[in-house]
Amino acid sequence: TTTTATATKKPAAGDGKPAVEEDEDPKPVPDMALAQDLYLLELAQSKPEEVPDVAEVKARVLATIKAEKAEPLYTSVCVEKLGWPVDVALQAELKASNEAELAGIEEQLRVATESSGDMEVLDALIAREKFYARIGNKTAALAAADEILAKPKISTGKKIDAVMDKVRLGLFFRDPEATKENLEKAKKLVEDGGDWDRRNRLKVYEALALITARSLKKASELLLDCIATFTCVELATYNQFIFYAVITNLLYLERTKLKKKLVDGPEVIAVLRDLPALGRLLNALYDCDYRAFFHALVEVTPDLVRDRYTAPHVRILVRELRVLVYSQFLESYKSVRLASMAESFGVSVEF
């Protein structure tokens, strides 16, 4: 699901002309929905059965690249990531568009530096950093963010935003070292004077980075803490966020909290209508319906495989979820026959 900008209509000034739509909140960059689609295309190369909609995903990626005029990303996708044949005409068109847009931003920066104030200069620097992030030029985007951070008269909030932009670049390009380094910087800035919204969003940034690093327990705690206050739409949709929160917390949350926070949580219940297999997994664990749990786990596993954050950990996640329900089942008995256990889980004795 692509995060879209929020458009608002400006009232007409009584001249009979239609209202003008303006983007109040520009779409965050880089586009994390695009990163997910790129992962699916990589997955299709090794496991085509997991991506039956590969043609649709490819069309969506190309449409996004064209819309964003992302020549560096297009070249990287063709030459380095997916081995597509380069459309030379498209590449030249995107490059020319990038050069023209960058020239406009540089002119804006020159004028601001020569005849305007610090805020206008900062706006131009931010526009340049967003431009590089949008088109997929990672090196230039990181350098542009560093130039923002080097400005002497910049608020703590703007510093946090610039560092969080760098974290997002690290997550987009799957660069764990850069992600971790910039997360630490962002956390320090937030501790020194970040507002509630940035502090809250940073928890989600850290949680997704921890999932990537397979630190699932800490990630589960951060995700659980943000269920009622989620605003981090630049990283994930709310449905994706709840998916991560439920999967990780199944492994660690004690039974009473599982009931209160997830099974009966109104935010979770609302989302699970769209994610029925995940809902069955959660409720089967709480209800001790182990046969239903195993069936739901089979249904959820393809979603784990198709997600760029959980995919590297699918084997461990599935194994640990199985161990979890085996342990829960065996807690009720001093001894149990394998045949009885197999019947409860809906599997064979050999399994």
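1. The side chains of Glu184 and Lys187 form a salt bridge, at 3.8 Å from N to O. A salt bridge here is a side-chain nitrogen of Lys or Arg within 4 Å of a carboxyl oxygen of Asp or Glu. The two residues are three apart in helix 8 (residues 176-193), so about one helical turn separates them. Helices (H or I, at least four residues) and strands (E, at least two) are DSSP runs, numbered from the N terminus. Glu184 is partly exposed, with a relative accessible area of 45%, and Lys187 is also partly exposed, at 23% relative accessibility. Buried means under 20% relative accessible area, exposed means over 50%, and partly exposed lies in between (1.4 Å probe, protein chains only).

2. A word on the source of these values. This is a predicted model, in which local features need pLDDT of at least 70, side-chain atom pairs count only at pLDDT 80 or more, and totals for chains, interfaces and linings use all residues. Residues are numbered from 1 along each chain as its sequence is written, and side-chain values use heavy atoms, with hydrogens and water left out.

3. The chain as a whole has 17 helices and two strands. Its C-alpha atoms fill a box of roughly 80 × 50 × 50 Å, taken along the principal axes. Of the 351 residues, 43% are buried. The accessible surface is about 18200 Å², and carbon and sulfur atoms account for 53% of that surface. These accessible areas come from the Shrake-Rupley method with a 1.4 Å probe; for residues, only the protein chains shown count as cover.

4. Among contacts between residues at least 6 apart in sequence, 57% join residues at least 24 apart. Contact means heavy atoms within 4.5 Å. Glu71 gives an example of a link across the sequence: Glu71 and Lys95 are 24 residues apart along the chain, and their C-alpha atoms are separated by 5.6 Å. Glu71 lies in helix 3 (residues 71-81) and counts as buried, at 14% relative accessibility. Apart from neighbours within four places in sequence, Glu71 is in contact with Gln91, Leu94, Lys95, Asn98 and Ile135.

5. The search of the whole structure finds 29 salt bridges. One of them joins the side chains of Arg198 and Asp161, at 2.8 Å from N to O. Arg198 is in helix 9 (residues 196-212) and Asp161 is in helix 7, so this pair ties together parts that are 37 residues apart in sequence. Arg198 is buried, with a relative accessible area of 16%, whereas Asp161 is partly exposed, at 23% relative accessibility.

6. Helix 9 takes part in another salt bridge, through Lys203. The side chains of Asp225 and Lys203 meet at 2.4 Å, N to O. This pair links distant parts of the chain, with Asp225 in helix 10, Lys203 in helix 9, and their positions 22 residues apart in sequence. Both partners are partly exposed: Asp225 has a relative accessibility of 45% and Lys203 one of 24%. Elsewhere, Asp37, Glu56 and Arg60 are linked in a network of salt bridges.

7. How do helix 5 and helix 7 lie relative to each other? Two packed helices are described by the angle between their axes and the distance between the axes. Helix 5 (residues 118-135) and helix 7 (residues 156-172) pack at an angle of about 10°, with their axes 11 Å apart. Axes are lines fitted to C-alpha atoms, for helices over the stretch in contact, and angles run from 0 to 180 degrees between N-to-C directions. The two helices are therefore roughly parallel to each other (angles under 35 degrees count as roughly parallel). On the helix 5 side, Leu122, Ile126, Glu129, Lys130 and Ala133 meet Lys158, Asp165, Arg168 and Leu169 of helix 7.

8. Ser220 is in helix 10 (residues 216-225). Is Ser220 buried or exposed? At 2% relative accessibility, Ser220 counts as buried. Apart from neighbours within four places in sequence, Ser220 is in contact with Thr248, Asn249 and Tyr252.

9. On the surface, Val79, Val86 and Val88 make a nonpolar patch of about 260 Å². Patches are made of residues with over 30% relative accessible area and no salt bridge; like charges are joined within 9 Å, and nonpolar side chains (Val, Leu, Ile, Met, Phe, Trp, Tyr) within 5 Å. Val88 lies in helix 4 (residues 88-115) and is exposed, with a relative accessible area of 58%.

Methods. Angles under 35 degrees count as roughly parallel, over 145 as roughly antiparallel, 65 to 115 as roughly perpendicular and the rest as oblique.
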